[in-house]
Amino acid sequence: MKRLLSLLRPSFVALCAVTMFAAQADAAPVFVPAPDHGLPTALIQADCYAIGQQVAAQNGGTLARASQSSQGGQPVCVIVVLVPGKDGQRPRRTEIVVPLN
């Protein structure tokens, strides 16, 4: 019985190692090219951030996120603003979509 266990233990360790490496191979990032709108990506992201700052100031909140997206084939900025709640309540999350023109 001890001999059987001593033979099975290394096999089990090897099986666990192979399974772990296979799981990591499946989790490898997949390259998906961004849609090309003719504008440099850094410029679009900077514009979305600036637009987000303006939208947050207009709504009396703070900018939580500004990202570029595409809706209907047109580039847009998705702005998330946290607006303070009333009477000490938690802030409200407001998502605003602004065309990038």
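These legends go with four close-up views of a predicted model.

**View 1. The disulfide between C48 and C77.**
Start with the sulfurs: those of C48 and C77 sit 2.0 Å apart and make a disulfide. The count for this model comes to one disulfide. C48 belongs to helix α2 (residues 41-59) and C77 to strand β2 (residues 74-83), so the bond ties together parts that are 29 residues apart in sequence. Look along the S-S bond and you get a torsion of about -80 degrees, so this disulfide is left-handed. As for solvent, both C48 and C77 are buried.

**View 2. The largest nonpolar core, with both cysteines in it.**
Zoom out a little from the disulfide and you land in a set of 10 residues. C48 and C77 are in there, along with I51, V55, A56, I79, V81, V83, V98 and L100. Helix α2 and strand β2 each put in at least two of the core's residues. V55 is a handy one to centre on: skipping its neighbours within four places in sequence, V55 touches I79, V81, I96 and V98. Of those partners, I79, V81 and V98 are listed in the core as well.

**View 3. The salt bridge between E95 and R65.**
Now for some charged side chains. The whole structure has two salt bridges, and this view shows the one joining E95 to R65, at 4.0 Å from N to O. E95 sits in strand β3 (residues 92-99), while R65 sits in strand β1 (residues 62-71), so this pair ties together parts that are 30 residues apart in sequence. How buried or exposed are the two ends? E95 has 45% relative accessibility, so E95 counts as partly exposed. R65 comes out at 39%, which makes R65 partly exposed too.

**View 4. R93 joins in, and the salt bridges form a network.**
E95 turns up again here, this time with R93: their side chains meet in a salt bridge at 3.6 Å, N to O. R93 has 54% relative accessibility and so counts as exposed. Which residues does the network link? R65, R93 and E95 are strung together by salt bridges, with E95 paired to R65 and also to R93.

How values were computed: Residues numbered from 1 in each chain as written. Predicted model: local features only at pLDDT ≥ 70, side-chain atom pairs only at ≥ 80, totals over all residues. Heavy atoms only, no water. Disulfide = S-S within 2.5 Å. Helix = DSSP H or I, 4+ residues; strand = E, 2+ residues; numbered from the N terminus. Buried < 20%, exposed > 50% of the residue type's maximum accessible area, 1.4 Å probe, protein only. Core = buried A, V, L, I, M, F, W, Y, C linked by side-chain atoms within 4.5 Å. Contact = heavy atoms within 4.5 Å.
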